[in-house]
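Work through the exercises below with the sequence and the coordinates at hand, and attempt each task before reading its solution.

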Amino acid sequence: MPPQDNQSPDVKNIVLAVVLSTMVLLGWTVVADRFFPTEAPTPVVSTAAPAGDPAVAALPGAAPAIAGPGAILGRDAALAASPRVAIDTPRLKGSINLIGARFDDLVLPNYRQTKDKTSPPVRLFSPSRTADAQFAQFGWVGTVAPPATAVWTADRTTLTPATPVSLRWTSPQGLIFLQKISVDADFMFTVEQSIANPGAVPVALQPFGLVSRRGEPAAAEANVHVGPIAMLDGTLKDTCFFLAFNCTDLTYKKLLDDGPQKYNFKSGWVGLTEKYWLAASVPDQKSSIAATFTQAAGQYQADWLAGAVTVPAGGRNASTAKLFAGAKEVDLIDRYTEAGIPRLDKSVSWGWFEIIAKPIFYLLDFLFKFTGNFGVAIIGLTLIVRAIMFPIANKQYESMAKMRLIGPRMKAIQEKYGDDKLRAQQEIMAIYKTEKVNPLAGCLPIVLQIPIFYALYKTLLISIEMRHQPFVLWLTDLSAPDPLTPLNLFGLIVWQPPALIALGVLPILLGVTMWLQQKLSPAQMDPVQQQVFALMPWLFMFFMAPFAAGLQLYWTINNLVSIGQQLYMNRKYPAPATPPSAAVIDVKPNPPRAAPKPAGPKPGAPKPTAGRRRK
């Protein structure tokens, strides 16, 4: 880059822009979580009795509403208070409550609450009157619909992928309501609802489905949506992050501030989501649907209500709904999307970098399955990315090596011309042209690396496949920050420092490798730039400390590869041992301007005569 005056606003603006852009990219999550935390949920001291409890009223034209408080019960007491059908699949355990036909007891045995393999499994659903209540339900709305207290009869005691369960309830008018529930080997329930009307009078009813939960889950990281979510006619409704396309805001805060949110749609689903888990209710896609998101007394509900159907005398009506309740595994979610669940893949919060993040995820997931170690997979991903970018990076390092060669000549030019900055820039540009050096060549690899780095950040942040995955030694969870820090004597002191200053081993290595890269690169000619860039490795070390260890590992390995390439190029293009002095540098000064000649008569003009007398 051409030399600039130490006080040049252009240099300062460029450096400031680079620093601020880097801080926004890497530090926003830390700053947002640390200084702009989301408002903590209001503690719930009493629960609203959701659909299926005696306090719930089935309102005409609406799904069962939340109404009235109820006492909080222990989970064991709540489970023992009603007859149940067991759920037993390779990936789901729990039961269905026969009072109200509710899915209110569901755990994921393949996922643990912590990285300790002896910790309890993740619980997704819990009965309505427990402290962590969450459940799903299907049914009908109408004067002859099953009431909230209806006790359904099951044809078997256990639901498995091979043995569906049929629930039956007969109304006082003789209508027969059936729910045939089946489940696959993963996380999808299918509910075939039917009504048989043996009477002499037609009846009108509306099918509904809902997902309800007590309170808000723990606040998630920035750029991760937690709360109500829906895909309605191709439009995603969740938290709209920066540059999110085809998205509409729908959050817990919006329900608290603006009240119920209502939508009409023909294709889609509604639900409640967390970082890794999703409960989504999918209506029959044959008719228009009304979706409603509400909250009351700390209870949140997402429900859908289909159009009215008339069951003629002696006739029958049937519809099919689905419930996804489980982990947001990318491959599985994609398969369900391909199988007909409209854009269920959007439940994973990829954000506006999805076009890059998903391919990075697929490659990383392949490497993980191939190597069996997530850390090795990240190293493999780093090497593959570097191999793809090798020609571009090689040009970068070649340009940097040539900059080292011409650096002494540029320094001599600055000394020679002193305050004549314009002339110095002209001479330096001439050197660039002669030596075929592009001072901006090093920017392209950095620009290309930014989306890849952000895509990996999103993959580590939101994909459950990376949750609690170990590498080696103390790195037992690469989706969490490096836990080993000198601030607690590498674990000898039982104290966890704040995330912003908890420098683990990997962040320290990252800072050191960045510093080594700078030492191998040509120094900036401007003193202001030199000072800023000298601080960058140590600033990045602190910025990266709260991020996932997998991300720190990627950047450290990337730095080591860069150092190797730089060493090779520095040997190929060694710098001169002695810088040339300004006195002997091969630069031609501007020729001095000739002194102006005195004005005189033109050639051929008569010479003036002095003292001519008049005649």
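**Exercise 1: a buried acid**

Asp-104 counts as buried because its relative accessibility is 0%, where buried means under 20% relative accessible area with a 1.4 Å probe and protein chains only. The model is a predicted one, in which local features need pLDDT of at least 70, side-chain atom pairs count only at pLDDT 80 or more, and totals for chains, interfaces and linings use all residues. Residues are numbered from 1 along each chain as its sequence is written, and side-chain values use heavy atoms, with hydrogens and water left out.

Task: find which residue forms a salt bridge with Asp-104 at 2.7 Å.

Solution. Apply the criterion first: a side-chain nitrogen of Lys or Arg lies within 4 Å of a carboxyl oxygen of Asp or Glu. Arg-84 satisfies it, its closest N and O atoms with Asp-104 being 2.7 Å apart. This pair links distant parts of the chain, since Arg-84 lies in strand β3 and Asp-104 in strand β5, 20 residues apart. Next, Arg-102 also meets Asp-104 in a salt bridge, at 4.0 Å from N to O, and both Arg-102 and Asp-104 are buried.

**Exercise 2: a pair within a helix**

Task: determine whether Lys-253 and Asp-257 are buried or exposed.

Solution. Lys-253 and Asp-257 form a salt bridge, with the closest N and O atoms 2.6 Å apart. Because they are 4 residues apart in helix α3, about one helical turn separates Lys-253 from Asp-257. Finally, both Lys-253 and Asp-257 are exposed, that is, over 50% relative accessible area.

How values were computed. Helices (H or I, at least four residues) and strands (E, at least two) are DSSP runs, numbered from the N terminus.
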